[in-house]
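Here are my notes on the model, point by point. Have the viewer open while you read.

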2 protein chains.
Amino acid sequence: MPRPRSLTQDQLAAAALAVIDRDGLAGLSMRAVAKELGMSTMGLYRYVADRDELEGLVVERVLSTVDPSPPATDAPWRDRIEIMVRRLRDSVSAHPAAVPLTMTHRHRLPGLLRWSESMLGLLAEAGVEGEQRVVALRGLISYVVGAIQLEHLGSLSGAGTVTISELPRDRFPYMAEAGRQARGIDADREFFGGLAVYLRGLGG
Amino acid sequence: MPRPRSLTQDQLAAAALAVIDRDGLAGLSMRAVAKELGMSTMGLYRYVADRDELEGLVVERVLSTVDPSPPATDAPWRDRIEIMVRRLRDSVSAHPAAVPLTMTHRHRLPGLLRWSESMLGLLAEAGVEGEQRVVALRGLISYVVGAIQLEHLGSLSGAGTVTISELPRDRFPYMAEAGRQARGIDADREFFGGLAVYLRGLGG
DNA sequence: CTGTTAGGAGTACGCCGTACGCCTACGTGA
DNA sequence: TCACGTAGGCGTACGGCGTACTCCTAACAG
């Protein structure tokens with residue numbers, strides 16, 4: 001008998017994401033999102049309890065684009081894990097300004113449950129069993145989460161590297177060389193290079 | 001000839017850290033830090049340009065407690081890398097509420113340069129050469145950064161695990177088992193278990 | 001002594017999240 | 001048909017934030 005809702009939570013999330021993509025995370029405010037939707041600020045509170053919940057919706061929307069099903073290939077498990085990881089990375093990277101949110105609101109991530117389920121299946125296929133399998137999954141997620149963040153909060157070949165390659169060569173011989181090497185490595189090679197190290201540690 | 005400063009930047013950082021440890025990151029404000037130091041709010045601006053700089057000082061203070069020198073042991077390189085990583089983790093974990101800051105202010109981290117230098121030395125000893133060495137270091141940092149964050153934003157054996165082990169067992173067979181297994185794994189075993197996977201992938 | 005600079009306090013502005021109240025529009029069960 | 005319950009929409013208000021600015025005093029170096 002009540003009057004039907006005129007917006008969905010997903011529409012709120014879309015508006016918030018539009019604000020974030022345009023004005024950065026610092027530009028996200030209840031007032032800005034309301035303006036984006038052409039409604040009054042307080043109207044938002046009909047759909048979310050507070051800003052925190054809105055941020056959760058944004059994260060949900062970003063991660064909902066991750067395909068959680070195991071790749072339909074007969075490629076080796078390592079390649080299939082890489083495909084799964086690449087999907088996650090691509091979805092998150094599509095909205096770099098929202099990356100910090102993704103970390104803070106890991107809780108309500110129903111979409112990632114299915115992703116994790118597929119991942120555990122691949123790990124089982126790789127011969128990882130028992131407690132080791134849980135540890136392997138969490139470790140993998142840790143790597144992915146950390147790498148994505150580092151990637152979007154100052155790249156390897158960015159300003160930091162310049163400072164590094166200017167370090168006194170006598171006290172920082174390794175760093176100086178690393179700084180030189182780093183210039184030739186793009187973000188993709190770095191990310192999947194590190195992933196390959198981890199996967200090599202996993203199995204036979 | 002000028003009047004001498006009565007506070008150091010490190011004292012500001014200490015006061016800010018005290019506020020964070022007591023009231024959480026949300027409790028950190030210029031007003032709160034000023035009160036902690038018994039001075040007026042605007043007095044802080046004699047020592048820092050803005051809040052961002054203050055946060056940087058806090059991170060610097062937390063990470064300054066990391067011993068960057070290579071461990072003086074003749075243990076295998078894997079063990080020595082683990083020692084280096086453990087130092088970093090211990091320092092960060094001493095102020096869990098400040099963890100999000102640590103991620104955001106990675107730039108100005110002179111202390112970690114020496115830590116990285118030592119780490120690169122150990123990687124060289126492990127036989128990792130050339131570009132692979134840079135990738136290995138960044139990958140290691142990614143894992144550590146990600147794992148520390150996951151650890152402090154909802155633990156493996158926390159509320160999330162309960163939800164997981166309640167998933168429909170037919171559609172999430174792996175997750176259900178993982179949820180059961182996870183209860184027996186504490187944060188330490190999880191962290192160093194994942195690290196061990198990565199290190200196994202590095203060498204011989 | 002004098003000039004320079006730090007110290008300290010206070011005020012004010014423009015943001016923020018959000019509590020609250022008011023009146024209107026709608027769709028349904030009576 | 002109509003009254004009721006809920007959503008819509010708008011505006012105001014409060015307390016907190018970062019920080020720009022001003023004014024006066026205190027301490028040291030030449």
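1. What is the distance from a phosphate oxygen of DNA strand C to an N or O atom in the side chain of A:Ser29? In this predicted model, the two are 3.2 Å apart, which falls under polar contacts (pairs of N or O atoms within 3.5 Å). A:Tyr45 also reaches a phosphate oxygen of strand C with a side-chain N or O atom, at 2.9 Å. A:Arg31 goes for a base instead: one of its polar side-chain atoms sits 2.7 Å from a base nitrogen of DNA strand C.

2. Housekeeping: residues count from 1 along each chain as its sequence is written, while chains are lettered from A and ligands numbered from 1 in the order written. Local features need pLDDT of at least 70 and side-chain atom pairs 80 or more, totals for chains, interfaces and linings use all residues, and side-chain values use heavy atoms, leaving out hydrogens and water.

3. Zooming out, 22 residues surround DNA strand C, with A:Arg31, A:Arg51, B:Met42, B:Arg46 and B:Tyr47 the closest; "near" here takes a heavy atom within 4 Å. Sugar and phosphate make up 49% of the strand C atoms that come within 4 Å of the protein. By class, this surface has ten nonpolar, four polar and eight charged residues, with Gly counted as polar and Pro as nonpolar.

4. Chain B superposes on chain A by a 180° rotation with 0.0 Å of shift along the axis, RMSD 0.0 Å. That is how a two-fold axis relates copies; the fit is least squares on C-alpha atoms of residues with pLDDT of at least 70 in both. The copies meet through the same surface, because 100% of chain B's interface residues are also interface residues in chain A.

5. Chain A splits into domain 1 (9-63) and domain 2 (77-202), bounds that come from an automatic or database assignment. Each domain gives 14 residues to their contact (heavy atoms within 4.5 Å).

Conventions:
Polar contact = N/O pair within 3.5 Å; in protein donor to acceptor, adjacent residues only side chain to side chain.
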